[in-house]
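Hi,

Here is the structure I promised to pass on. Have a look at it first, and my notes follow underneath.

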Amino acid sequence: MARMLHSIAGHCFICKVGVGPHFSGQVTQPFRQFLLLAAKLAPTLFRPYRVAVTRLDPYTLRPRFPILHQKINGRPLVYFDNAATTQKPLAVLDASRNYYETINSNIHRGVHRLSQAATAAHEAARTTIARHLNATRDEEIIFTGGTTDSINLVASALGRSSRFKEGDEIIVSGLEHHSNTVPWQMLCERLGLTLKVIPVLDNGKLDLAAYQNLLSERTRLVAVNHVSNAFGTVNEVVHICARARAVGALTLVDGAQSIPHFKIDVQLLGCDFYAFSGHKVYGPTGVGILFGRYDLLCELPPWRGGGEMIKEVSFEKTTYNDPPFKYEAGTPNIEGGIALAAAIDFVNELGLDRVAAHEDALIRRAADLLGELDGITLYGPSERTGALSFNFEGIHHYDLGTLLDQMGFALRTGHHCCQPLMARFGMTGTLRASFAAYNTLEEVENLATALKKALMMLR
Ligand SMILES: Cc1ncc(COP(=O)(O)O)c(C=O)c1O
């Protein structure tokens, strides 16, 4: 509506509004001003209309996910474990199958037709991902095995560089997945560095005032997640990176849980590294991405030795390839990279804004409905993305998860690879429902009903 009124107030009246050829297109000044004002107010006045136009319809999406059409214990599967891994659309399955059926071959070194086709498809996938992240060049995109692998790559390469000296500090947050804690701990042990932790407030957000106090000229790296897989907290990574930069520290953003929900622009985030896994964004397992700033990738040493990462090898001396190949030793997951690009095309076709709006409606409804249940604690801030974690007084999350499985609901129970966060809240784990584009409000409502039943059985 806003766009339509803007068009009226501006120029292309007839074609945009479809008034008809008899209309002259002349708009008087007061009328023009009225239209401009109306255009400004339209987003508020006509909100239901706007939502209706842009809403993502999960029911039209679900036929593209074959796995969703099955029964678990005689009940329709309700898949709410998307933060652990997402289901794959036909486009991704087809990309994988097509690769093996038509161009399977090893890449980069072959003169024959199949090798060239596989190389072209793999490098085209790199370009798709570079554009999606708004990297400045394709060479900033490294194919890895996933988020964990990407973070270990950075830890290993930094550990071999001259960037750290004993007594230097690395900052992580209390919301981190073990993947963004343990590699840094290992590096600290090896090099005599100190690991500092941004505390988590009671509302599940990071204490940014405390973060400011942790920063000093000794801080060499800040590594935080964009979205918490346990609580759905969205961290203020632009601010966190800017503050780190101000003291000369490098930054790594663990994007495992932001990549399926937001349009990512690494330049806007202002990070030096951004890591994610293909399987969290409707792509395959065993493939992931590390974005790294090009000058850093040129500067840092490689982490694994082998084929592909070299320029020249002799027993006396080996010289290394340029990024990204310098960091891609051995045969990569060729098909995985191609299928990951198909997944990125898929989310772009849906429109990540529409996905985010839809998932926001799901998570809000879930928080409202579950919040009414007796004895529940919902964790994290009220503004969450992707994941809703909760517990019921006197009931073990594992028992509840098992009963829900009997009713066809796939939720995750446990510590979600965030033991320090669980300890901070004095618990061993939670029950977590996490959402994707294909989930429906009906499924959310059914979860609330199923939880009521399960609670009656357990109490
Ligand atoms: C925030 C976060 N970081 C890292 C990871 C690790 O991802 P992967 O196991 O795909 O390497 C996960 C997986 O759940 C995650 O949620």
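**What I found**

H416 is found in the loop between β16 and α17 (419–424). Its phi is near 55°, a positive value in a residue other than glycine. H416 is also buried, with 23 other C-beta atoms within 10 Å; the cut-off for buried is 20 or more. Keep in mind throughout that this is a predicted model.

**The sheet next to that loop**

β16 belongs to an open sheet of four strands, in the order β13-β14-β17-β16 and with antiparallel pairing. β13 (376–378) and β16 (412–414) are the edge strands, each pairing on one side only. On average, neighbouring strands here are turned by 30° against each other, direction ignored. Between β16 and β17 (residues 430–434), which run antiparallel, there are three bridges. If you want a spot to click on, R412 has R432 in β17 as its bridge partner. Helix α15 (residues 352–371) packs on this sheet, where it touches β13, β14 (387–392) and β17. The direction of α15 makes about 150° with that of β13.

**The seven-stranded sheet**

There is also an open sheet of seven strands, and its order is β4-β10-β9-β8-β7-β5-β6, with mixed pairing. β4 and β6 (194–198) are at the edges with a single partner strand each, so one side of each has no neighbour in the sheet. From one strand to the next, the twist averages 20°. As a reminder, strands of a sheet pair through backbone hydrogen bonds, either parallel or antiparallel.

Going through some of the pairs:

- β7 (residues 219–225) and β8 pair in the parallel sense over five bridges, and V222 has T251 in β8 as its bridge partner.
- β8 (residues 250–254) and β9 run parallel and are joined by three bridges; D254 is matched with A275 in β9.
- β9 and β10 run antiparallel, with five bridges between them; here F273 has G292 in β10 as its bridge partner.

Helix α11 (residues 237–246) packs on this sheet too, touching β7 and β8. Its direction makes about 175° with that of β7.

**β9 in particular**

How many residues of β9 are buried? Five of the five, so the strand is largely enclosed by the rest of the structure. Both of its faces are covered: F273, A275 and S277 are buried on one side, and Y274 and F276 on the other. β9 also has the highest mean pLDDT among the elements of the protein, at 99.

The loop between β9 and β10 holds Y282. Like H416, which has a positive phi, Y282 has a positive phi in a residue other than glycine, near 70°. Y282 is buried, with 29 other C-beta atoms within 10 Å.

**Helix α7**

α7 (residues 113–133) has 21 residues and reaches 30 Å from its first C-alpha to its last, close to the 30 Å expected at 1.5 Å a residue. Its buried residues include A118, A121, H122, A125 and R126, and also T128, I129, A130, H132 and L133. What covers them? The cover includes two helices you may want to display, α6 (90–103) and α14 (334–350). It also includes α12 (266–269), and the strands β4 (141–144), β9 (273–277) and β10 (288–292). Right after α7 comes N134, whose phi is positive, near 55°.

**A cis peptide bond**

The peptide bond from P323 to P324 is cis, with omega near 5°. P324 sits in the loop between β12 (318–320) and α14.

**Where to be careful**

The protein averages a pLDDT of 91, and 88% of the residues score at least 70. Two stretches fall well outside that: pLDDT stays under 50 over residues 1–29 and over residues 38–53. For residues 1–29 the model has 33 contacts beyond four places in sequence; for residues 38–53 it has 13. Helix α2 (residues 13–17) has the lowest mean pLDDT of the protein's elements, at 28. Where pLDDT is low, the predicted coordinates should not be read in detail.

Cheers

Definitions and conventions. Residues numbered from 1 in each chain as written. Predicted model: local features only at pLDDT ≥ 70, side-chain atom pairs only at ≥ 80, totals over all residues. Expected span 1.5 Å × (residues − 1). Buried ≥ 20, exposed ≤ 12 C-beta atoms within 10 Å, placed from the backbone. Contact = placed C-beta atoms within 7 Å. Pairing = 2+ DSSP bridges. Axes fitted to C-alpha atoms, helices over the stretch in contact; angles between N-to-C directions. pLDDT = per-residue confidence, 0-100.
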